[in-house]
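Open the structure in your viewer and keep the selection tool handy. We will go stop by stop, with something to select at each one.

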Amino acid sequence: MSIRAPSSRPFGEQLRDWRQRRYLSQLDLAHLAGISPRHMSFIETGRSVPSRTVVLRLSDRLEVPLRDRNQLLLAAGYAPLYRENQLDDAAMATARRAMDLVLRGHEPYPALVVDRHWQMQAANRAVAPFLRGVAPELLEPPINVLRLSLHPKGVAPRIANLGQWRAHLLARLEKQVESTGDAVLEALLQELHGYPAPEYDEVAEPGVVVPMRLMTEAGELEFISTTTVFGTPMEVTLSELAIESFFPANDRTARVLRTLSLVGRLLPLPRSLPRLERRAGQPKGVADTA
């Protein structure tokens, strides 16, 4: 039996939005999906109802996120295919362990897990020393990592190359907004553009990577960052998570972080920062990475 979501926009309208977002013509998409241009046109105009297989094939060729694939299925009259669990559900235990291994294994260097809206889901202990001086309200859950980084009461005053780092983060966010059409990300982008920031020449000679230069009690530390995602996620929440890892960009930064670790300066994390694993018997929402 098919299911139609009464509040969703017509399938053809949603499909057209995704096609245009990927800069594809109807002919291009028809070719990629292995259907006739006529059938493609009929699907978009609502004159033809696609099969479940065609919906999934179109979603795959358009690289539609799993959450939105479920919406396309509903709009076409089919049940959602991809399950969505909470990160602390039992079904997510294996994924939590994998992420926890990455976070712990990356110490004494900072790493954190973010969701599709850049809300922090977990962090390792190496993050804590770099949050000193941040306004308490920015550390209240849900913690938005981009807001935390660029807010004038956040980490921003301690970023030596704030103009360059801000331009890098905003460029990433702009690409996400363009790729997904996510209204929450679009609102976040507008908010971040409103924060005060130093001038930055975006056409300056680019380097190999964009560093983050952070002023700390131990002097200026320089980092480069990488993003890790699950390679074959088939669950909505998991498909939307990413691990942002920071590596020392020079020997001095590496030495300082190793020293902090040796003298126990990585502990403790602020209680407001989320953790992946909970101790047995603790209530939901309380966890520890120690």
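**Stop 1: two helices that meet**

Begin by selecting H1 and H3: Phe-11, Gly-12, Glu-13, Leu-15, Arg-16 and Arg-19 of H1 make contact with Met-40, Ile-43 and Glu-44 of H3. By class, the residues of this contact are four nonpolar, one polar and four charged. Keep in mind that the model you are looking at is predicted. Now turn the view to look at the two helix axes. Those of H1 and H3 come within 6 Å and cross at roughly 115 degrees.

**Stop 2: a serine in a loop**

Next, select Ser-48, in the loop that lies between helix H3 (37-45) and helix H4 (52-61). Is Ser-48 buried or exposed? Ser-48 has a relative accessible area of 18%, and because the cut-off for buried is under 20%, Ser-48 counts as buried. Show its surroundings as well: apart from neighbours within four places in sequence, Ser-48 touches His-39, Phe-42 and Ile-43.

**Stop 3: an enclosed helix**

Move on to helix H5 (66-76). How many of the eleven residues of H5 are buried? Eight are, so H5 is largely enclosed by the rest of the structure. To see them, select Leu-66, Arg-69, Asn-70, Leu-72, Leu-73, Leu-74, Ala-75 and Ala-76. Then switch on H1, H4 and H10, which are among the elements covering these buried residues. Just after H5 comes Gly-77, with a positive phi near 100 degrees.

**Stop 4: the largest pocket**

Now look for open space. The largest pocket holds about 1100 Å³. Its lining has 38 residues, and those closest to the centre are Pro-65, Arg-116, Thr-180, Ser-239 and Glu-240. Colour the lining by class and you will find 15 nonpolar, eight polar and 15 charged residues. H5 returns here: together with helix H1 (11-21), helix H8 (162-180), helix H10 (236-239) and strand E5 (242-248), it is one of the elements that each supply at least two lining residues.

**Stop 5: the nonpolar cores**

Finish with the largest nonpolar core, which has 42 residues; select Leu-148, Leu-173, Leu-192 and Phe-223, the members that touch the most others. H8 gives this core the most, six residues. Centre on Leu-173 and, leaving aside neighbours within four places in sequence, look for its contacts with Trp-118, Leu-146, Leu-185, Leu-188, Leu-189 and Leu-192. For a last selection, try Leu-58, Leu-62, Val-64 and Leu-72, which belong to a second, separate core of 19 residues. You have already met Leu-72 among the buried residues of H5.

Note on methods. Residues numbered from 1 in each chain as written. Predicted model: local features only at pLDDT ≥ 70, side-chain atom pairs only at ≥ 80, totals over all residues. Heavy atoms only, no water. 1 Å grid on protein atoms, 1.4 Å probe; cavity = no way out; pocket = protein on both sides within 12 Å on 5 of 7 lines; lining within 4 Å. Points joined across faces, edges and corners; volume = space filled by probe spheres on them. Helix = DSSP H or I, 4+ residues; strand = E, 2+ residues; numbered from the N terminus. Nonpolar A, V, L, I, M, F, W, Y, C, P; charged D, E, K, R; others polar. Buried < 20%, exposed > 50% of the residue type's maximum accessible area, 1.4 Å probe, protein only. Contact = heavy atoms within 4.5 Å. Core = buried A, V, L, I, M, F, W, Y, C linked by side-chain atoms within 4.5 Å. Axes fitted to C-alpha atoms, helices over the stretch in contact; angles between N-to-C directions.
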